[in-house]
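I opened my notebook to look up a few things in this model. Here is what I wrote down as I went.

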Amino acid sequence: MSGEFVARYGPWALVAGASEGLGAEFARQLAARGLNVLLLARRAEPLEALAAELRRDHRVQARAAVVDLAAPDLVAQLGAAVGELEIGLLVYNAAYSVVGAFLDQELASTLRTIDVNCRGPVILSHVLGQKMAARRRGGIILMASLAAGQGVPLVATYAATKAFNLILAEGLWEELGRVGIDVVACRAGATRTPNFERTQPQGQSQGIVGEPGPVVTATLNALGRHPSVVPGWLNGMAAFLLGRLLPRRAAIQIMGKATRGMYER
Ligand SMILES: NC(=O)c1ccc[n+]([C@@H]2O[C@H](COP(=O)([O-])OP(=O)(O)OC[C@H]3O[C@@H](n4cnc5c(N)ncnc54)[C@H](OP(=O)(O)O)[C@@H]3O)[C@@H](O)[C@H]2O)c1
């Protein structure tokens, strides 16, 4: 199984946004499946610590590169980080999100959400996808969210960027599938990561929150099988209810009630 996985998606995986949370978990599970891992994020220290852990625990090669995925010269930063490494699998995990009323947010911050969450995945998928296509094999994982299914008040821009990733992955699943590249979008529900914890108002009930391990396992298992995956059966039911059963305006209102309950006093 891990031999097949390495033959299909090796020898290197690149995880963009790997220093903590779901990105670090992707890196761990990919190393456990035998891939070498190139870890990208802005903070060198946690990246280097994770790279050392992967080398020690899984006996794979692991490298860390400091890259700002919102940078105007992202293509050049990516080229310098990747060098001659043969990247067979891209995981674009990083995201930027600000909670609050759309009109109260700094425009620069809103535009940064689009840079990290939309421009970044397009650049990395394009640059690395061209090389995968030339080899006629590879994989791309983009992070969407349950928020991708409908508009979500108070995180309207973030939710729209997650819909962008879902639709991008679906299109590429068909298009790049023809040249041997598997593409999948992960529509994760609330997942206990450091960033998720930081955005939770003190003392608020967190509802149903999943763990990174099963989310990543479900996503890796869906790669090469489905255009998108909703990890966890409860999240699957929520996606079905919101996306298929309810009228769209009701789904938006339910999401709005949830975010207002969480973030407004
Ligand atoms: N957690 C959830 O509840 C949840 C639910 C649904 C979907 N998702 C999706 O899952 C993905 C991961 O979420 P997460 O909660 O683990 O945390 P996240 O905050 O989206 O991602 C954290 C990682 O991204 C890196 N990062 C952020 N901005 C960056 C930038 N400009 N350049 C380079 N690296 C950057 C961070 O490292 P540095 O700070 O070191 O740069 C960190 O390694 C996201 O796409 C998110 O939308 C999460």
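Entry one, the largest cavity. I am working with a predicted model, and I began by asking which helix gives the largest share of the lining of the largest cavity. Helix H6 (residues 156–177) does, with 3 residues. I noted a volume of about 70 Å³ for this cavity. Its lining includes Ser97, Val98, Phe102, Gln105, Leu154 and Tyr158. I sorted the lining residues by type and got 7 nonpolar, 5 polar and no charged.

Entry two, the other cavity. My search of the whole structure turned up 2 cavities of 30 Å³ or more. The second largest has about 30 Å³, and I found Leu146, Gln150, Arg187 and Leu242 among the residues lining it. Here the split is 3 nonpolar, 3 polar and 1 charged.

Entry three, helix H3. I checked its length: at 1.5 Å a residue, the 15 residues of H3 (residues 44–58) should span 21 Å, and the end C-alpha atoms are indeed 21 Å apart. Next I asked which residues of H3 are buried. They are Leu47, Leu50, Ala51, Glu53 and Leu54. These buried residues sit on the same side of H3, because they cover an arc of only 160° around the axis. I wrote beside this that an α-helix has 3.6 residues a turn, so residues three or four places apart point the same way. Glu45 and Arg56, on the other side of H3, are exposed.

Entry four, the neighbours of H3. I see its buried residues packing against helix H2 (21–32), strand E2 (36–41) and strand E3 (62–66). After H3 comes arginine 59, and I noted its positive phi, near 55°.

Technical notes. Residues are numbered from 1 along each chain as its sequence is written. This is a predicted model: local features need pLDDT of at least 70, side-chain atom pairs count only at pLDDT 80 or more; totals for chains, interfaces and linings use all residues. Side-chain values use heavy atoms; hydrogens and water are left out. Helices (H or I, at least four residues) and strands (E, at least two) are DSSP runs, numbered from the N terminus. The expected span of a helix is 1.5 Å times one less than its number of residues. Buried means under 20% relative accessible area, exposed over 50%, partly exposed in between (1.4 Å probe, protein chains only). The arc is that of the directions from the helix axis to the C-beta atoms. Contact means heavy atoms within 4.5 Å. On a 1 Å grid over the protein atoms alone, a cavity is a set of points where a 1.4 Å probe fits but cannot get out, and a pocket is an open set with protein on both sides within 12 Å along at least five of seven lines; lining residues have an atom within 4 Å of a point. Grid points are joined across faces, edges and corners, and a volume is the space filled by probe spheres set on the points. Ala, Val, Leu, Ile, Met, Phe, Trp, Tyr, Cys and Pro count as nonpolar, Asp, Glu, Lys and Arg as charged, and the others, Gly among them, as polar.
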